[in-house]
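Here is a short tour of one protein chain, taken from the overall picture down to single residues. Keep the 3D view open as you read.

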Amino acid sequence: MKRFVPFLLAILALAAPGMGRAETGSWVKSGPVEARLVASVQGVGDLAKIPLGLEVRLEPGWKTYWRTPGDAGFAPRLDWSESRNLKATELIYPAPHRFTVLGLETAGYDAEVLFPIAATPAEPGKPLDLALKAELLVCSTICVPEMVALSLSIPEGPATPGPSANDIARAQSLVPGDGRASGLTVTAVRGQGAVLEVEVTAREPMVAPDVFVETDPPVTFAAPKSQFLDGDRRAILRMDATDPTPGLDLAGRAMTLTVVDGNRSVEAPATAAAGLGGGAGAAPAGLLAMLGVALLGGLILNLMPCVLPVLSLKLLSIVQHGGRAPAAVRAGFLASAAGIVTSFLILAGALVAVKAAGGAVGWGIQFQQPLFLVFMVVLVTLFAANLWGLFELPLPRAVADRLGGPEGQGLGGQFATGAFATLLATPCSAPFLGTAVGFALARGALEVFAIFAALGVGLALPYLLIAAFPRAARLLPRPGRWMVALRRVLGGALALTALWLLSVLVVQVGEVPALAVAVLMGGLVAALWLGRRLTDSARWAGAALAGLLAVVAFAVPAVFGPSAGAAPVAESTAARWTVFDEAAIREQVAAGRTVFVDVTADWCITCQANKKLVLNRGTVAQRLEDAGTVTAMRADWTRPDESIARYLARHGRYGIPFNIVYGPGAPEGIALPELLTEGAVLDALDRASGKIKS
């Protein structure tokens with residue numbers, strides 16, 4: 001019987017409610033929050049301080065608070081009084097996120113957070129029995145204080161690393177430090193009245209820096225407005241106190257500043273100097289500079305791989321103006337430009353609405369929605385059928401004359417062409433475009449509309465250029481019979497675009513639903529073809545059948561849904577790629593490895609170009625296949641994924657492609673440009689590995 005006693009005691013220890021085993025406590029749930037205590041070591045050893053962690057998980061839509069919560073909330077309240085052999089503890093806070101709701105500014109954490117804790121035993125080397133009562137305020141549309149009773153026992157024995165050691169190390173790396181690791185430095189702080197100005201420099205370009213201010217008595221600030229200088233390596237952040245007391249003057253005020261930019265952060269004590277410097281006009285200057293970036297990004301978008309699906313539309317738009325009067329040429333191209341800009345403004349409005357509702361926003365994410373993909377397939381198929389001459393949309397002569405051409409081939413058609421070109425361009429990114437979109441979506445509605453209007457003007461610049469010099473269209477051949485053949489070729493190009501959209505739909509809803517949509521589109525084209533061969537009185541039957549098939553196609557995603565046989569999102573056909581795991585990045589870097597992260601999607605044409613031209617060939621492919629030193633991770637965003645969306649947002653990105661390289665020489669990561677080159681990737685790999693000093 002004695003031989004079974006240890007076995008029975010072990011079972012009882014595991015089964016006892018609320019009892020934690022060595023180095024990992026039990027999860028305890030209370031309302032929308034669950035928590036546990038963990039330790040980095042399996043035994044107390046002779047450590048003077050034992051690294052612990054309070055791990056907290058929150059249900060979707062809930063958050064808890066930082067040490068300085070802001071306009072509302074309170075920090076975690078911990079009671080260790082029932083612990084044994086515990087002299088003192090220190091709770092350490094990772095860098096927080098900002099939450100703005102109805103004008104209230106708070107700082108804290110959502111989804112999950114691990115608070116590092118330094119525990120000092122009363123007698124080093126003796127067992128440590130921890131008992132914690134933790135009161136956490138958690139908020140969604142309501143706020144609820146939750147109490148969890150946690151326990152953890154750490155026995156005598158060697159202080160060897162336990163299963164939670166890496167998790168606690170990752171949490172410690174997210175704690176704001178002195179800036180040596182993150183490369184962030186607070187270089188100046190100025191105050192005037194209720195306005196505070198913070199100047200920050202960085203080794204790597206900043207994307208969306210934020211500042212949290214702690215001072216006594218407390219003052220809460222709105223999100224900063226940023227002016228970027230020196231290639232985004234210097235930023236002037238200007239903040240206004242949200243509810244200043246009468247006569248408030250921040251000049252001479254001592255404070256602690258926590259600057260956060262993605263995963264980088266720094267904490268610095270400061271005293272605000274009197275007066276405002278270069279930040280006095282930070283918001284307008286920063287916005288004006290970013291408008292120029294957006295204009296350039298929209299212009300470069302014309303040269304990106306995503307131009308291929310709309311090349312037929314642009315080419316047809318140009319040749320249709322051959323031999324026309326300058327006034328007609330100018331009006332047509334201005335209408336196309338108006339269609340582009342209007343579409344960008346509509347897209348901006350949709351993003352502002354989704355952001356206000358708390359949803360994830362980003363460039364091109366509408367291609368994650370099966371219904372939008374079906375809409376695009378139907379639209380592209382109809383455009384192709386129109387180019388093939390299978391149907392026309394005749395308008396009353398008075399309307400056609402006002403639109404500037406017969407049967408609507410005037411301003412209305414040119415406007416629609418510009419809008420359609422914009423829709424097909426959105427799954428593509430370009431240099432400067434990601435920076436501009438990230439700037440806009442990290443700020444308010446005014447900035448979103450301004451930046452997207454500038455992007456639209458940039459994309460429309462070729463049309464505006466011809467509108468400015470309409471006589472250049474006389475160099476084009478006059479429309480004639482040759483255009484019939486051209487329209488057929490361009491219709492074929494759009495048909496290939498429809499096939500590409502169907503391939504993305506396969507990933508979203510599966511092969512059978514995508515095939516059903518393809519068959520319906522084939523039937524739509526056949527119905528229009530037959531309709532052309534019927535008598536005028538019966539031609540409506542072909543059009544009606546085509547319309548019915550289009551309606552049925554829209555019903556396919558609703559019937560099948562994304563879970564009905566959806567194809568698994570392929571990480572890569574190459575064995576070198578592993579599934580994206582943000583938690584494993586720190587572990588790999590700590591082990592001396594370099595980690596290359598590729599955030600991609602099947603609908604992102606620039607992503608596919610990067611793979612084909614850079615990542616899957618030559619020296620870059622060889623380096624990524626070196627499993628001994630490099631870990632290549634692929635995050636596939638073809639379908640919505642909250643973890644990937646949060647990862648992008650933490651880096652100030654709202655669109656893809658996004659590529660970043662981590663390593664011993666760059667633990668915070670080196671972000672790469674949207675359009676990759678072999679030289680840029682190899683240089684980042686060398687710098688991250690420590691072979692080249694930054």
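What follows goes through the overall make-up, the sheets, the helices and the nonpolar cores.

## The chain as a whole

Please bear in mind that this is a predicted model. The chain holds 18 helices and 24 strands. Of its 694 residues, 48% are buried.

How much of the contact network links residues 24 or more positions apart? Among the contacts with a separation of 6 or more, such pairs account for 75%.

## Strands β1 to β3

Let us begin close to the start of the numbering. Strand β1 (residues 28-30) runs antiparallel to β2, and 3 bridges join the two. Within this pair, Lys 29 is found opposite Glu 34 of β2. The two strands make a hairpin with 2 residues between them, and Gly 31 in the turn has a positive phi of about 60°.

On to the next partner: β2 is also joined to strand β3 (residues 50-58), by 7 bridges and again in an antiparallel arrangement. Here Leu 37 has Leu 54 in β3 as its bridge partner. Is strand β2 largely enclosed or left open by the rest of the structure? Strand β2 (residues 33-39) has 6 of its 7 residues buried, so the rest of the structure largely encloses it.

## Two open sheets of five strands

One open sheet of 5 strands follows the order β15-β16-β13-β12-β19, and its pairing is mixed. At its edges stand β15 (225-229) and β19 (273-274); each has a single partner strand, so one side of each is left without a neighbour in the sheet. Further in, strand β13 (residues 195-202) pairs with strand β16 (residues 234-240) in the antiparallel sense, over 7 bridges. In this pairing, Leu 196 sits opposite Met 239 in β16.

A further open sheet of 5 strands, with mixed pairing, has the order β20-β22-β21-β23-β24. Its edge strands are β20 (577-579) and β24 (666-671), each of which pairs on one side only. On average, neighbouring strands of this sheet are turned by 30° against each other, direction ignored. At the β24 end, strand β23 (residues 658-663) pairs with β24 in the antiparallel sense over 3 bridges, and Gly 663 stands opposite Ala 666 in β24.

## Helices α2 and α14

At what angle do the axes of helix α2 and helix α14 cross? Helix α2 (residues 165-173) and helix α14 (residues 582-590) have axes that come within 10 Å and cross at roughly 90°. That makes α2 roughly perpendicular to α14.

The residues that meet are Asn 166, Arg 170 and Ser 173 from α2, and Ala 583, Arg 586 and Glu 587 from α14. By type, the residues of this contact divide into 1 nonpolar, 2 polar and 3 charged.

## The nonpolar cores

Now for the interior. In soluble globular proteins, nonpolar side chains tend to be buried together. In this chain, the largest nonpolar core has 57 residues, and those with the most contacts inside it are Ile 585, Val 597, Val 599, Tyr 647 and Ile 656. Helix α6 (residues 370-387) gives the largest share of this core, 10 residues.

Which residues does Ile 585 touch, leaving aside its neighbours within four places in sequence? Ile 585 is then in contact with Phe 580, Val 595, Val 597, Met 633, Tyr 647 and Tyr 662. Another core, of 56 residues, lies apart from the largest one, and includes Met 206, Ala 268, Val 329 and Leu 433.

## Helix α9 and Ser 343

Leu 433, a member of that 56-residue core, also belongs to the buried residues of α9, together with Gly 434, Ala 436, Val 437, Gly 438, Phe 439, Ala 440 and Leu 441. Helix α9 (residues 433-441) is mostly covered, with 8 of its 9 residues buried.

Our last stop is Ser 343, which lies in helix α5 (residues 326-356). Is Ser 343 buried or exposed? Its relative accessibility is 17%, so Ser 343 counts as buried, the cut-off being under 20%. Leaving aside neighbours within four places in sequence, Ser 343 is in contact with Ala 419 and Thr 422. Ser 343 and Ala 419 are 76 residues apart in sequence, while their C-alpha atoms are 5.5 Å apart in space.

Note on methods:
Residues numbered from 1 in each chain as written. Predicted model: local features only at pLDDT ≥ 70, side-chain atom pairs only at ≥ 80, totals over all residues. Heavy atoms only, no water. Axes fitted to C-alpha atoms, helices over the stretch in contact; angles between N-to-C directions. Helix = DSSP H or I, 4+ residues; strand = E, 2+ residues; numbered from the N terminus. Parallel < 35°, antiparallel > 145°, perpendicular 65-115°, else oblique. Contact = heavy atoms within 4.5 Å. Nonpolar A, V, L, I, M, F, W, Y, C, P; charged D, E, K, R; others polar. Core = buried A, V, L, I, M, F, W, Y, C linked by side-chain atoms within 4.5 Å. Buried < 20%, exposed > 50% of the residue type's maximum accessible area, 1.4 Å probe, protein only. Pairing = 2+ DSSP bridges.
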